[in-house]
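User: Please take me through this model one short question at a time. Keep the reasoning plain.

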Amino acid sequence: MAEYEMILTEAQGAAGVIRLNRPQAMNALCDQLMDELAQALRAFDADPAIAAIVLTGNEKAFAAGADIREMQPRSWPGTYLNDFIAPWEAVLGVRKPVIAAVAGFALGGGCEVAMMCDILLAADNARFGQPEIKLGIVPGAGGSQRLTRAIGKSKAMEMVLTGRMMDAAEAERGGLVARVVPLAELLPEAVALAQKIGELSPPAVAMAKEAVNAAFELPLREGLRLERRLFLSLFGTEDQKEGMAAFNEKRKPSFRRG
Ligand code: CO8
């Protein structure tokens with residue numbers, strides 16, 4: 001496995017756990033950290049023993065945003081010609097489910113990376129925000145778009161315009177996170193979720209992720225067509241035969257055959 005300085009990686013059964021590890025800077029997302037994250041995501045995505053990836057930080061911060069020290073001297077048109085946010089999209093290229101396990105601050109780019117993941121689990125101390133406006137900028141890695149789709153215009157507008165943070169309970173009420181769990185249970189819950197996904201059929205899991213994500217990008221008619229094609233194609237897998245036979249024979253299915 002590759003050597004990393006700013007992240008820690010570990011396989012826990014079928015869960016590939018990536019921990020952002022720059023505690024002295026609240027896990028601020030600098031170029032090196034984002035490069036390492038992209039490498040680790042690709043490695044777990046390519047590893048057949050891994051069913052889902054868990055992305056987490058520490059108890060105080062998932063990530064407090066892009067690294068403000070690194071960003072301060074940047075100027076335009078250099079930012080435009082050398083788009084430093086582009087490598088962040090590595091998260092979006094992962095085909096396996098990515099679970100963000102958020103404790104503490106998820107601010108700015110930290111909130112944006114969490115929202116690029118497929119499922120958000122929050123610890124009870126999690127706080128989400130897009131405080132870019134206080135720095136004289138606006139969100140640049142999806143904050144204005146994904147937050148608005150997740151929690152609606154009025155709440156998103158208030159947060160993006162003022163930098164107000166949302167606590168875990170409000171994030172769950174608003175639909176940003178799937179579940180809130182006590183801090184001590186955050187990582188075990190996220191790993192258990194990944195293990196549960198690991199018991200299912202890999203092609204069905206990959207297609208389920210593709211179908212739900214399409215709902216954010218395609219018009220309804222196109223999304224429904226894509227869903228139908230994916231659904232029908234799964235009848236070509238051994239796992240479909242196994243899943244339905246197991247139900248009818250009242251036993252547990254044994255998947256991972258494709
Ligand atoms: N960048 C760099 N360093 C940071 C960051 C950051 N985003 N956040 C915290 N740190 C550092 C602090 O400078 C401090 O370092 P030091 O000890 O050397 O002084 C250390 O982490 C601890 O932080 P604090 O002392 O501030 O800890 P507190 O508990 O008092 O406060 C907060 C914690 C509330 C998280 C506070 O640190 C904070 O407000 N951080 C900045 C949050 C922020 O503004 N984030 C948005 C950044 S902009 C962004 O993410 C844009 C992304 C997309 C850009 C697209 C452009 C095209």
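User: From which element does the largest share of the shell around the ligand come?

Analyst: This is a predicted model, where local features need pLDDT of at least 70, side-chain atom pairs count only at pLDDT 80 or more, and totals for chains, interfaces and linings use all residues. Residues are numbered from 1 along each chain as its sequence is written, and side-chain values use heavy atoms, with hydrogens and water left out. Helices (DSSP runs of H or I, at least four residues) and strands (E, at least two) are numbered from the N terminus. The largest share, three residues, comes from H2.

User: Which five residues come nearest to the ligand?

Analyst: A residue is near a molecule if one of its heavy atoms lies within 4 Å of it. There are 22 residues around the ligand. The nearest are Ala 64, Ala 66, Ile 68, Arg 69 and Gly 109.

User: How far is an oxygen atom of the ligand from an N or O atom in the side chain of Arg 69?

Analyst: A polar contact is a pair of N or O atoms within 3.5 Å; within protein, one must be able to donate a hydrogen and the other to accept it, and residues adjacent in sequence count only if both atoms are side-chain atoms. Ala 64 has a polar backbone atom 2.9 Å from a ligand nitrogen. In Ala 66, a backbone N or O atom lies 2.8 Å from a ligand oxygen. For the side chain of Arg 69, the distance to a ligand oxygen is 3.3 Å.

User: What percentage of the ligand's accessible area does the protein cover?

Analyst: Accessible areas come from the Shrake-Rupley method with a 1.4 Å probe; for residues, only the protein chains shown count as cover. On its own, the ligand has 1100 Å² of accessible area. The share covered by the protein is 63%.

User: How many residues in the shell around the ligand are charged?

Analyst: Ala, Val, Leu, Ile, Met, Phe, Trp, Tyr, Cys and Pro count as nonpolar, Asp, Glu, Lys and Arg as charged, and the others, Gly among them, as polar. The shell has 13 nonpolar and five polar residues. The charged ones number four.

User: What is the volume of the largest pocket?

Analyst: On a 1 Å grid over the protein atoms alone, a cavity is a set of points where a 1.4 Å probe fits but cannot get out; a pocket is an open set with protein on both sides within 12 Å along at least five of seven lines, and lining residues have an atom within 4 Å of a point. Points are joined across faces, edges and corners, and a volume is the space filled by probe spheres set on them. For the largest pocket, that gives about 960 Å³.

User: Which element gives the most to the lining of the largest pocket?

Analyst: That pocket is lined by 32 residues, and Asn 213 is among the five nearest its centre. H4, strand S7 (119–123), helix H5 (143–151) and helix H9 (202–214) each supply at least two lining residues. With eight residues, the most comes from H9.

User: How much space lies in the largest cavity?

Analyst: The count comes to one cavity of 30 Å³ or more. Its lining includes Ala 66, Asp 67, Glu 70 and Trp 88. By class, the lining has five nonpolar, no polar and four charged residues. The space is about 30 Å³.

User: Which residue does a cis peptide bond join to Trp 76?

Analyst: Most peptide bonds are trans. At this cis bond, omega is about 15°. The partner sits in the loop between H2 and helix H3 (78–81). Trp 76 is joined to Pro 77.

User: What is the average pLDDT of the chain?

Analyst: pLDDT is the predictor's confidence in each residue, from 0 to 100. Here 99% of the residues score at least 70. The average is 96.
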